[in-house]
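Colleague: I'm new to this one, so could you walk me through how you reach your conclusions?

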Amino acid sequence: MSGVVIVTGGSRGVGAEVCALAAADGFDVVVNYASDGEAAEAVAERVRAQGRQALTVRADVSSEEDVTAMFAAAASLGPLTGLVNNAGVVGSAARLDEHDAETVRRVMDVNVTGVFLCLRAAVRRMSSRYGGDGGSIVNITSVAARLGAPGEWVHYAASKAAVETMTFGLAKEVAAEGVRVNAVSPGLVDTDFHATAGVPDRVARLGPSLPMGRAATPGEVAEAVVWLLSPRASYTSGAILPVAGAR
Ligand code: NAP
């Protein structure tokens, strides 16, 4: 048995596929969501259909109170062994000089502070420093961190670069405490993400121009995440793994 994993933003897109694939790999799964409880429950059913336990938890990852409550709820499934920091938002698409500060603050709050809050809570449970038995953490970043996302969302790209820095910094802090910390950096993925940002045609428009001529499916990203979560990646820590089709 692989233990218990919390997947933030597990109700849709990449997170939903991570939940299903983690269950297939033997994990019991906490399916976190922000607002779409029905979608989260459907994902939980996919987990249960594979004979694993599932719990849906509404929590805004940028809220310290919500994150504390989510980790407390997860304990009902057993000791935590995995965390996937997948929840992420982008705001709208525009040049940097046209964005308002409120949008940028929200993106930083969810994508950076939210990841920090979940990382801290996970380390306090998994690390031998706190009496834990170890575990594996995977952060979802983006190729935007190295491409900069000009004309669309430079602030979002910066938030993902911050998560990459937290990934290899924290990996070093907890390497001798039984905890591995890695990131998966996807390229373009076919999810609701683009429509939510007000650019529903983005995948159809950009896909053909990519090296593989298409976007990734959420399942293709989830495969890499679940490998990093698993003991099969036992000597991999501090890595940023691009799943970006040679982009
Ligand atoms: P998505 O389809 O838009 O799904 C976003 C998920 O995050 C939903 O489950 C949503 O919950 C949840 N969420 C949003 N804000 C939250 C908050 N404050 N607290 C908790 N959960 C929250 O996104 P996706 O495309 O699967 O993206 C997943 C990750 O991959 C993100 O970190 C994104 O930045 C990254 N990424 C995506 C792409 C891409 O092309 N799609 C490329 C590179 C990286 P509700 O269902 O309740 O709204």
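Modeller: Sure. One cut-off to start with: a residue is called buried when its relative accessible area is under 20%. And keep in mind that this is a predicted model.

Colleague: Okay, what makes Cys19 buried or exposed?

Modeller: Its relative accessible area is 0%. The limit is under 20%, so Cys19 counts as buried.

Colleague: And how do you know which label Cys118 gets?

Modeller: By the cut-off again: Cys118 has 0% relative accessibility, so it counts as buried too. Across the protein chain, buried residues make up 51% of the 247 residues.

Colleague: How many disulfides does the structure hold, and how do you know?

Modeller: Zero. To be called a disulfide, two cysteine sulfur atoms must lie within 2.5 Å. The closest cysteine sulfur to that of Cys19 belongs to Cys118, and it is 13 Å away, so the two are too far apart for a bond. Looking from the other side, Cys118 is in no disulfide, and its nearest cysteine sulfur is that of Cys19.

Colleague: What is the protein chain built from?

Modeller: Nine helices and seven strands.

Colleague: Why is the protein chain called as compact as a globular protein of that length?

Modeller: Its radius of gyration is 17 Å, and the globule rule gives 18 Å for 247 residues; those values are close, so the description fits. The C-alpha atoms fill a box of roughly 45 × 35 × 35 Å along the principal axes.

Colleague: What share of the contacts with a separation of 6 or more joins residues 24 or more positions apart?

Modeller: In the protein chain, that share is 73%.

Conventions:
Residues numbered from 1 in each chain as written. Predicted model: local features only at pLDDT ≥ 70, side-chain atom pairs only at ≥ 80, totals over all residues. Heavy atoms only, no water. Buried < 20%, exposed > 50% of the residue type's maximum accessible area, 1.4 Å probe, protein only. Helix = DSSP H or I, 4+ residues; strand = E, 2+ residues; numbered from the N terminus. Rg over C-alpha atoms; globule rule 2.2 N^0.38 Å. Contact = heavy atoms within 4.5 Å.
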